[in-house]
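Here is a short tour of charged side-chain pairs, written for the bench. Take a look at the sequence and the fold before reading on.

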2 protein chains.
Amino acid sequence: MHRAGDVRIETVPDPVLQAPTDAIIRVTRACICGSDLWPYNDLPPTPGGQQMGHEAIGIVEAVGADVHRVTRGQLVVMPFAFSDGTCQFCDEGLHTSCTHGGFFGNGGGIGGAQAEALRIPQADGTLFALPVGPDDALMPSLLTLSDVMGTGHHAAVCAKVGPGKRVAVVGDGAVGLCGVIAAKRLGAEQIIILGRHKDRLALAQRFGATDVVTERGEAAVQHLRELTGGFGAHSVLECVGSEAAMRTAALIARPGGAVGRVGVPHYDGTPAGQQTFFGNVSVAGGPAPVRATIAELLPDVMEGRIEPGLVFDRTVDLDGVPDGYRAMNAREALKVMVRP
Amino acid sequence: MHRAGDVRIETVPDPVLQAPTDAIIRVTRACICGSDLWPYNDLPPTPGGQQMGHEAIGIVEAVGADVHRVTRGQLVVMPFAFSDGTCQFCDEGLHTSCTHGGFFGNGGGIGGAQAEALRIPQADGTLFALPVGPDDALMPSLLTLSDVMGTGHHAAVCAKVGPGKRVAVVGDGAVGLCGVIAAKRLGAEQIIILGRHKDRLALAQRFGATDVVTERGEAAVQHLRELTGGFGAHSVLECVGSEAAMRTAALIARPGGAVGRVGVPHYDGTPAGQQTFFGNVSVAGGPAPVRATIAELLPDVMEGRIEPGLVFDRTVDLDGVPDGYRAMNAREALKVMVRP
């Protein structure tokens, strides 16, 4: 991506092992993330461009001398952040704060996954081997363990979803839809999706949403309160990242409730700080430590209990990536899979 | 209080039972709260004045026909909020969100505790009988169960203080000092107090603070990181309520850490929403449901394991209340007790 709206497929040098803890993967599936649309709308001109993409499944092609767990030929899923798996934060399950970690497809020296191949720093700590072949029918759902399903799960955990809870999900993008899956999986009694796209709301209902709120702002708050007996939702999953969405999330939480936010915030002051205070509403969340949750979610994917791969409604090859961005940004496509 | 800076002692009609669930107490001890200093600095001219005070111990003088638990002659402590004790929020321990609740000394039809007597709505749910006489030496510490000790405890709970945790307390006012007591009581390994008042910091150390940070802003953040091995505190108690204090609190939290805020927020957007997001730092807190925690804290007060009453460094009679406000506002006094 050279600047906002300018995505090009270019031939660049093959990635090589730079550190003994690196691996190289050949990407078999990647995708475009809702968070990629932020730079697609606001990236300043960037000399040399920024390699994009942070979600992938691939086959390990090479490993450095200090890589002992990951082996050549393995099929692996790659979390959107790399991590050593051994620092104090990884030990606590917060791999996104790894002291040797970082993010893919975000500029700097780290490549992007919307590519044929990619260098993986801290390969032993980062990659997770998958117990299937590269053309398994479950591939779309497995790919969501890279980010979007793990992120929806993180939102639900931070929002303290549990049995009997009334849950609201702000945003009907792929993360919000995975948030619905996560809320149902964790035992929510009521799941209210807030969004405006008919087909996405239908998918949310297929995933377990019990109610739909299509209003915005104050009208959304009123409608949601009506649906929840007057007090709001115990758990609110903020899956957008805009100030308006976060304000709505804060205002629809029940006193004593919790907001789990996973939309990358495009605000500095978290809105409605007075209301969350007087209602004792907690606000938690951040980049999901998906490396920690792959193991928890994988059995449900393998055994078909959850189908997050249904969020992909378009598949492109590498040359189709620029149009994939356009389509997602225009809300023509929900989430675009890339098959290099 | 008639307007900012204008506190007068006036003779008003005796409170009377208005609802069958009311009680009347004769106030034996009250005090001035740090939060009373906000209106002392910014209350617009208020016709008729606003009755002030929300912390008291008193003797029950009369009870309504539907009051069955509280009886005449009992010595009781009064939480700063009244609550019915039976609604869904009280059942969950969130008495400050009681559906029949409200706050004392805050304007409206509810009186203040800096007075000879006070009407207590929802008396059965609100008042907590004390197992001592009205002149017991523990009276100052018992009075803190009205608000300040319960509020410090709430900050610590919302900040997830526990054994082995590194804890930072932002603010060396009475709530911050009670936050130190609470952090120690809950097993914190390290307790760092951020403040600038020598005598208060000394009291913090007596209460269990292990380190002191007197800088502000970026310098405070740097010092605190040095004291915590580079990453910040697991648990941060925000006990001020200003935007600057909340920003500092957010920035000194360790990745994956928690801020418990109990300072009444004088901001709308909670500062540093980007940093708390990327560090997965949770922000929780609000008005402390002290009615729920009196029972937990009382044994420690009764048996002398905690001495929160040491925060009182001045005692006045009713006529001394205006000067008490002045002294607290000038930081001459830490916390002023009132003996009507």
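How many salt bridges are there over all chains? The count comes to 31 over all chains, where a salt bridge is a side-chain nitrogen of Lys or Arg within 4 Å of a carboxyl oxygen of Asp or Glu. This is a predicted model, in which local features need pLDDT of at least 70, side-chain atom pairs count only at pLDDT 80 or more, and totals for chains, interfaces and linings use all residues. Residues are numbered from 1 along each chain as its sequence is written, chains are lettered from A in the order in which they are written, and side-chain values use heavy atoms, leaving out hydrogens and water.

**The pair D300(B) and R185(B)**
- The closest N and O atoms of D300(B) and R185(B) are 2.6 Å apart in their salt bridge.
- D300(B) sits in helix α11 (residues 290-302) of chain B and R185(B) in helix α6 (residues 174-185) of chain B, so the pair ties together parts that are 115 residues apart in sequence; helices here are DSSP runs of H or I, at least four residues, numbered from the N terminus.
- D300(B) is buried, at 12% relative accessible area, while R185(B) is partly exposed at 26% (buried is under 20%, exposed over 50%, partly exposed in between, with a 1.4 Å probe and protein chains only).

**The pair R206(B) and E307(B)**
- R206(B) forms a salt bridge with E307(B), and their closest N and O atoms are 4.0 Å apart.
- R206(B) is exposed, with a relative accessible area of 57%, and E307(B) is partly exposed at 41%.

**Chain A**
- Salt bridges that share partners link R185(A), E296(A), D300(A), E303(A) and R305(A) into one network.
- E303(A) and R305(A) form a salt bridge with closest N and O atoms 2.6 Å apart, and both residues are exposed.

Notes:
Helix = DSSP H or I, 4+ residues; strand = E, 2+ residues; numbered from the N terminus.
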